Amino acid sequence: NNDPKLRMKLFTLSPDLEGQMRRNAQSPMEWPRVFQEYVTRSTNNNDHDNDYNDRLLQVVQELPGCDVEWSHQPDPQQHDYYILEAQQQQQQKQQKQQQRSPPSQDNAAGMMEELQQAYHA
């Protein structure tokens, strides 16, 4: 398989932290400070030796069954709208190409016009 995939786990904030963030909903520039203070305050009493990632996992909760897999290839079921649109565009392009008449060899002006139309299509 030549299509590398990226797997991502989704997490949500602990209910207390989410409540604090919602109380600051009108001040999104404050969110990093609120988040940092909450992580520090809620994990300091538990274990001073934890690194930041370990403390972070104490204030977020994994959403089981909500993992996301990213790929460059569209999924035929999840992205059928995208695939259908691409097919329609390809069909329209083919129809335009078929509608063009071949240039007449005795009409140089007609050939130039057709070349210009093809160039700008």
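This passage describes the fold, the nonpolar core, several individual residues and the largest pocket of a predicted model.

The chain contains five helices and four strands. Along the sequence, these elements are arranged in the order β-β-α-α-α-β-β-α-α. Two strands therefore precede a run of three helices, which is followed by two further strands and then by two helices. Of the 121 residues in the chain, 12% are classed as buried. The surface exposed by the chain amounts to about 10,600 Å², and 49% of this area is supplied by carbon and sulfur atoms. Among contacts in the chain with a separation of 6 or more, 48% are accounted for by residues 24 or more positions apart.

The largest nonpolar core is made up of seven residues, namely Leu-17, Met-21, Val-34, Tyr-38, Val-39, Val-59 and Val-60. At least two residues of this core are supplied by each of helix H1 (15–23) and helix H2 (31–44). Helix H2 provides the largest share, with three residues. In soluble globular proteins, nonpolar side chains tend to be buried together.

Tyr-38, a member of the core, has contacts with Ser-14, Asp-16, Leu-17, Gln-20 and Val-59 when residues up to four places away in sequence are not counted. Two of these partners, Leu-17 and Val-59, are themselves listed in the core. Ser-14 is located in the loop between strand S2 (11–13) and H1. The relative accessible area of Ser-14 is 9%, and this residue is classed as buried because the value falls under 20%. With residues up to four places away in sequence again set aside, Ser-14 touches Tyr-38, Val-59, Val-60 and Gln-61. Tyr-38, Val-59 and Val-60, among the partners of Ser-14, also belong to the largest nonpolar core.

Glu-18 is placed in helix H1. Its relative accessibility is 28%, so Glu-18 counts as partly exposed. Apart from neighbours within four places in sequence, Glu-18 is in contact with Thr-12 and Leu-13. Between Glu-18 and Phe-35 the C-alpha to C-alpha distance is 9.3 Å, with the two residues 17 positions apart in sequence.

Phe-35 is also one of the partners of Leu-56, which touches Phe-35 and Val-39 when residues up to four places away in sequence are left out. Val-39 is a residue of the largest nonpolar core. Leu-56 itself lies in helix H3 (residues 52–56). With a relative accessible area of 23%, Leu-56 is partly exposed, because buried residues have values under 20%. Leu-56 and Gln-36 are separated by 20 residues in sequence and by 9.4 Å in space, from C-alpha to C-alpha.

Cys-66 is found in the loop between strand S3 (60–62) and S4. This residue has a relative accessibility of 35% and counts as partly exposed. Cys-66 and Lys-9 are 57 residues apart along the chain, while their C-alpha atoms are separated by 6.9 Å.

The largest pocket has a volume of about 240 Å³. Its lining consists of Lys-5, Val-68, Glu-69, Trp-70, Ser-71, Gln-73, Pro-74, Asp-75, Pro-76, Gln-78 and His-79. Strand S4 (residues 68–71) contributes the largest share of this lining, with four residues. By residue class, the lining comprises four nonpolar, four polar and three charged residues.

How values were computed:
Residues numbered from 1 in each chain as written. Predicted model: local features only at pLDDT ≥ 70, side-chain atom pairs only at ≥ 80, totals over all residues. Heavy atoms only, no water. 1 Å grid on protein atoms, 1.4 Å probe; cavity = no way out; pocket = protein on both sides within 12 Å on 5 of 7 lines; lining within 4 Å. Points joined across faces, edges and corners; volume = space filled by probe spheres on them. Nonpolar A, V, L, I, M, F, W, Y, C, P; charged D, E, K, R; others polar. Buried < 20%, exposed > 50% of the residue type's maximum accessible area, 1.4 Å probe, protein only. Core = buried A, V, L, I, M, F, W, Y, C linked by side-chain atoms within 4.5 Å. Contact = heavy atoms within 4.5 Å. Areas by Shrake-Rupley, 256 points an atom, 1.4 Å probe, with all protein chains shown as cover.
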